[in-house]
Amino acid sequence: MKRLLVTVSVLVAIALFFYLVIWIGWFNGYSDGERTGDVFKFSKKGLIFKSWEGELYLGGLVRSGESGLEIEKFYFSIPEEQEVGKLSIIETLQKCARERLNCTIAYKQWFKEPIYQDSNYTVEKVEVSLNQK
């Protein structure tokens, strides 16, 4: 009986540990920050969970294994559930993509990528840079 109680206690502890890791990873932000660059791609996509997805070109080059050098990109998302509250952000990003304007994106990074978006980064705020090329 004592052995069964210990086994059940260990299994419950393991289940609680995994639940805690999943809860922390999916429902809490990992970091906050800003990135500045040019929005080159911004579109709404997804089969079941729709979200706004975009690419911000940061202006540098990174080595990518066998293929040589690639432009450094920052991938970001705005989930459909936040679309109504972030309409001005979406419009600003669309304008930046159309007119190739430089902008700064404030983001929240998730430890684990949420299932309703394609990247670990959710846009919180956008500012168009004053110094344009």
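This passage walks through a predicted model, from its helix and strands to its salt bridges.

The model is predicted, so local features are taken at pLDDT of at least 70 and side-chain atom pairs at pLDDT 80 or more, while totals for chains, interfaces and linings use all residues. Residues are numbered from 1 along each chain as its sequence is written, and side-chain values rest on heavy atoms, with hydrogens and water left out.

To begin with the helix, V6 sits in α1, which covers residues 2–27. Helices here are DSSP runs of H or I with at least four residues, strands are runs of E with at least two, and both are numbered from the N terminus. V6 also helps build a nonpolar surface patch of about 650 Å², together with V10, L11, I14, F17, F18 and V21. Patch members have over 30% relative accessible area and no salt bridge, with like charges joined within 9 Å and nonpolar side chains (Val, Leu, Ile, Met, Phe, Trp, Tyr) within 5 Å. The areas come from the Shrake-Rupley method with a 1.4 Å probe, and for residues only the protein chains shown count as cover.

Next come the strands. β2 and β3 run antiparallel and are joined by 10 bridges; two strands count as paired if DSSP finds at least two bridges between them. Within this pair, E55 has Y75 as its bridge partner in β3. The β2–β3 hairpin has 5 residues between the strands, and G65 takes a positive phi near 60° there.

β4 (residues 102–110) and β5 (residues 121–128) also pair in the antiparallel sense, over 7 bridges. One of these matches Y107 with V123 in β5. β4 is mostly covered, with 8 of its 9 residues buried. Buried stands for under 20% relative accessible area, exposed for over 50%, and partly exposed for what lies in between (1.4 Å probe, protein chains only).

T104 belongs to β4 and is buried at a relative accessible area of 17%. Its side chain makes a polar contact with the side chain of T36 at 2.8 Å. A polar contact is a pair of N or O atoms within 3.5 Å; within protein, one must be able to donate a hydrogen and the other to accept it, and residues adjacent in sequence count only if both atoms are side-chain atoms. Leaving aside neighbours within four places in sequence, T104 is in contact (heavy atoms within 4.5 Å) with residues including E34, R35, T36 and K125.

G33, in strand β1 (residues 29–45), touches I105, A106 and Y107, again not counting residues up to four places away in sequence. The C-alpha atoms of G33 and E124 are separated by 9.7 Å, although the two residues are 91 apart along the chain.

What surrounds Q117, in the loop between β4 and β5? Leaving aside neighbours within four places in sequence, Q117 is in contact with S51, E53, S77, P79, W110 and T122. Q117 is buried, with a relative accessible area of just 2%. Its side chain makes a polar contact with the side chain of T122 (3.0 Å), and a polar atom of that Q117 side chain lies 3.0 Å from the backbone oxygen of S119. The C-alpha atoms of Q117 and G46 are 8.1 Å apart, with their positions 71 residues apart along the chain.

On to the charged pairs: the structure holds 6 salt bridges, each a side-chain nitrogen of Lys or Arg within 4 Å of a carboxyl oxygen of Asp or Glu. K73 and E55 form one, their closest N and O atoms being 4.0 Å apart. That pair links distant parts of the chain, 18 residues apart, with K73 in β3 (residues 69–79) and E55 in β2 (residues 51–63). K73 is partly exposed at 36% relative accessibility, whereas E55 is buried at 10%.

K86 and E124 meet in another salt bridge (3.7 Å, N to O). K86 lies in the loop between β3 and α2 (87–99) and E124 in β5, so this pair ties together parts that are 38 residues apart in sequence. Here K86 is buried, with a relative accessible area of 11%, and E124 is partly exposed at 38%.

The side chains of K125 and E127 also meet in a salt bridge, at 3.3 Å from N to O. K125 is partly exposed at 42%, and E127 is partly exposed too, at 44%. Finally, K44, E80 and E83 are joined into one network by salt bridges that share partners.
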